[in-house]
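Student: I have not looked at this structure before. Could we go through it one question at a time?

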Amino acid sequence: MWSPEREAEAPAGGDPAGLLPPEWEEDEERMSFLFSAFKRSREVNSTDWDSKMGFWAPLVLSHSRRQGVVRLRLRDLQEAFQRKGSVPLGLATVLQDLLRRGELQRESDFMASVDSSWISWGVGVFLLKPLKWTLSNMLGDNKVPAEEVLVAVELLKEKAEEVYRLYQNSPLSSHPVVALSELSTLCANSCPDERTFYLVLLQLQKEKRVTVLEQNGEKIVKFARGPHAKVSPVNDVDVGVYQLMQSEQLLSRKVESLSQEAERCKEEARRACRAGKKQLALRSLKAKQRTEKRIEALHTKLDTVQGILDRIYASQTDQMVFNAYQAGVGALKLSMKDVTVEKAESLVDQIQELCDTQDEVSQTLAGGVTNGLDFDSEELEKELDILLQDTTKEPLDLPDNTRNRHFTNSVPNPRISDAELEAELEKLSLSEGGLVPSSKSPKRQLEPTLKPL
């Protein structure tokens, strides 16, 4: 928890290495000009004023983004931008200009702009310590004290978006209500200190993406369901589910503790047996059995709590589906507003009539154009008969291989199918000799008759 003593632990500026422009080390004359103070008024020399402001203002914001911080102090920036023992004399003017443009905001002013009552618990010093700076500003003193905390507005919005995505991608998002302590642990790497975490929550509350409520002395945070949705107030259902979730965690921790105790009793019984202490071993085993019975009873209660939570989650899902169906029915009604069965039938009739007309036009165009050619159907029939007669008189196909056209006798060349050849090959491979052909082989029958000329 934050305390006034921890104020001194606020993140310092750090080394801005990697962010500095080339002239930082190369142009002594230019850097001497940039490190000098601003003129009292911009009207004295607007060119020099704008040149300095154009150099320092982006550098301050980029340095903060690089460091991952949203809270700035003049003292930290002066330490971060030291060069050869010198500090920039115009940084206070730069911060004043960023305040005027709204890119920076006083931390106290930002918190006052958010309608929140929870920020006062435990962190009331947020409003008390900067009070003198706020009063001095109201009285016309626009100087930025070296210790005053300023907030980089855009960086804070980016950090708030980062925390929201972190929550959405975590197991905590199973229910919109989470404990503030759990959320703080989840965001430990994103928020370097506790005050930054509070500022992020205030920004999310300002965007109406979270709301914070105190319940039985503990703060709980409720998130909006979607990235573009607005959070609804915490209701009795949210509180009930939160309490069930807390009970589930307590029961789980108790079961784990009792399991360790049962294991310890078992180990004690084992050691007693080895030492020959039978009675001590029996007592340890009895303690183990009693612990296991308690674990079994807790498991039953834990199953009941988890079953209730599952039903609640299912009902919330059903409600979301119901709302989606309702929206779909409404949209369907609007889309079908001017559509009736009679209109649909009339439209289909019109389409059919147009299709019939198109077919008639196509047939007319196809039959009415002969390209100047006129054929006699009787002559075509005669020519077709002649072609058919010539086809029946064509000789049978003969092999192309002329070497096999003539034989020494009149025995015809039998045709052997591929299947028969494969069967013969298989017989050869299965014979005992490996190369002894069968007596019924077609090859043996053909050898006496196939004698080339």
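Student: Which residue in β3 does R106 stand opposite?

Tutor: This is a predicted model. β2 covers 104-106, and it pairs with β3, residues 150-152, in the antiparallel sense over three bridges. The residue of β3 opposite R106 is L150.

Student: What is the order of the strands in the open sheet with β1, β2 and β3?

Tutor: The edge strands are β1 (71-72) and β2 (104-106), each pairing on one side only. The pairing in this sheet of three strands is antiparallel, and the order is β1-β3-β2.

Student: What angle does the direction of helix α9 make with that of β3?

Tutor: α9 is made of residues 153-168 and packs on the sheet. There the helix touches β2 and β3, and the angle between its direction and that of β3 is about 65°.

Student: In the open sheet with β4, β5 and β6, which strands stand at the edges?

Tutor: The sheet has the order β4-β6-β5, with antiparallel pairing. An edge strand has a single partner, so one side of it is left without a neighbour in the sheet; this holds for β4 (177-179) and β5 (210-215).

Student: What is the bridge partner of V177 in β6?

Tutor: β4 pairs with β6, residues 218-223, in the antiparallel sense over three bridges. V177 has as its bridge partner in β6 the residue K222.

Student: Which strands does helix α12 touch?

Tutor: Two helices can be compared on this sheet. α11 packs on it and touches β5 and β6, with its direction at about 115° to that of β5. α12 (residues 236-274) also packs on the sheet, with its direction at about 45° to that of β4, and touches β4, β5 and β6.

Student: How far apart are the end C-alpha atoms of α11?

Tutor: α11 has 13 residues, 194-206. At 1.5 Å a residue they should span 18 Å, which agrees with the distance between the end C-alpha atoms, 18 Å.

Student: How many residues of α11 are buried?

Tutor: Buried means under 20% relative accessible area. Among the buried residues are F197, Y198 and L199, and E194 and R195 are on the list too. The helix is largely enclosed by the rest of the structure, because the buried residues number 12 of the 13.

Student: Which residue caps the N-terminal end of α11?

Tutor: The cap is made by a side-chain oxygen that lies 3.1 Å from the backbone nitrogen of R195. That oxygen belongs to D193.

Definitions and conventions: Residues numbered from 1 in each chain as written. Predicted model: local features only at pLDDT ≥ 70, side-chain atom pairs only at ≥ 80, totals over all residues. Heavy atoms only, no water. Helix = DSSP H or I, 4+ residues; strand = E, 2+ residues; numbered from the N terminus. Expected span 1.5 Å × (residues − 1). Buried < 20%, exposed > 50% of the residue type's maximum accessible area, 1.4 Å probe, protein only. Polar contact = N/O pair within 3.5 Å; in protein donor to acceptor, adjacent residues only side chain to side chain. Pairing = 2+ DSSP bridges. Contact = heavy atoms within 4.5 Å. Axes fitted to C-alpha atoms, helices over the stretch in contact; angles between N-to-C directions.
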